[in-house]
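Got your viewer open? Load the model, switch to cartoon view and follow along.

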Amino acid sequence: MVNITLRTIEDIVGRRVRPLMRRVGNSIARGVLKTIDDATGLARGQSTTVADQVADDVEFISTYGLSSNPAAGAETLLFSVGGSARHLLGIFWDRAIRLKGTLASGEVALHIGVADQLVHLKTD
């Protein structure tokens with residue numbers, strides 16, 4: 001006769017689920033943009049990730065109708081497609097440049113914060 005306890009079930013399930021939890025946990029990472037090259041039309045580059053590891057050949061995607069070439073140091077968010085570090089997709093943004101108190105609800109702005117250049121699309 002087999003004695004199955006709650007602890008036995010937890011151990012069995014834990015052994016089966018732990019590898020999946022690691023893959024899911026490692027599928028999204030924050031980083032900092034090092035380089036980007038969009039000469040081929042598809043932006044690819046490098047980003048640091050946790051513990052200053054460098055992710056190479058990251059495919060950076062952007063919003064439809066908007067293209068940009070961010071400076072090194074912009075923040076990145078990297079996604080492992082299928083949980084594989086061999087295919088990384090990234091998006092970037094820069095929290096250092098903000099329009100504080102400029103936009104009303106529903107408004108949009110395109111800006112280069114370094115030179116204070118601004119295109120402001122207002123609701124009216």
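Which residue in β2 is the bridge partner of Ile36? Select Gly45: that's the one paired with Ile36. Before moving on, a note on ground rules: this is a predicted model, so local features need pLDDT of at least 70, side-chain atom pairs count only at pLDDT 80 or more, and totals for chains, interfaces and linings use all residues. Residues are numbered from 1 along each chain as its sequence is written, and side-chain values use heavy atoms, with hydrogens and water left out.

**Stop 1: the first hairpin.** Select β1 (28-37) and then β2 (residues 44-48). Strands here are DSSP runs of E, at least two residues long, numbered from the N terminus. The two run antiparallel over 5 bridges; strands count as paired if DSSP finds at least two bridges between them. They make a hairpin with 6 residues in between. Click on Gly41 in that turn, where phi is positive at about 95 degrees.

**Stop 2: the next hairpin.** Now add β3 (residues 54-60), which pairs with β2 in the antiparallel sense over 4 bridges. Ser47 sits opposite Ala55 in β3, and Thr48 stands opposite Val54. This hairpin has 5 residues between its strands, and Ala51 in the turn has a positive phi of about 60 degrees.

**Stop 3: the barrel.** Zoom out. 5 strands close into a barrel, in the order β1-β2-β3-β5-β4, with mixed pairing. On average, neighbouring strands are turned by 50 degrees against each other, direction ignored (axes are lines fitted to C-alpha atoms, and angles run from 0 to 180 degrees between N-to-C directions).

**Stop 4: a pocket.** Select Asn26, Ala29, Thr49, Gln53 and Ser80, which lie nearest the centre of the second largest pocket, among its 14 lining residues. A pocket is an open set of points on a 1 Å grid over the protein atoms alone, where a 1.4 Å probe fits, with protein on both sides within 12 Å along at least five of seven lines; lining residues have an atom within 4 Å of a point. The volume is about 240 Å³, counted as the space filled by probe spheres set on the points. β1, β3 and β4 (75-80) each supply at least two lining residues.

**Stop 5: confidence.** Colour by pLDDT, the predictor's confidence in each residue from 0 to 100. The chain's mean is 85, and 97% of its residues reach 70 or more.
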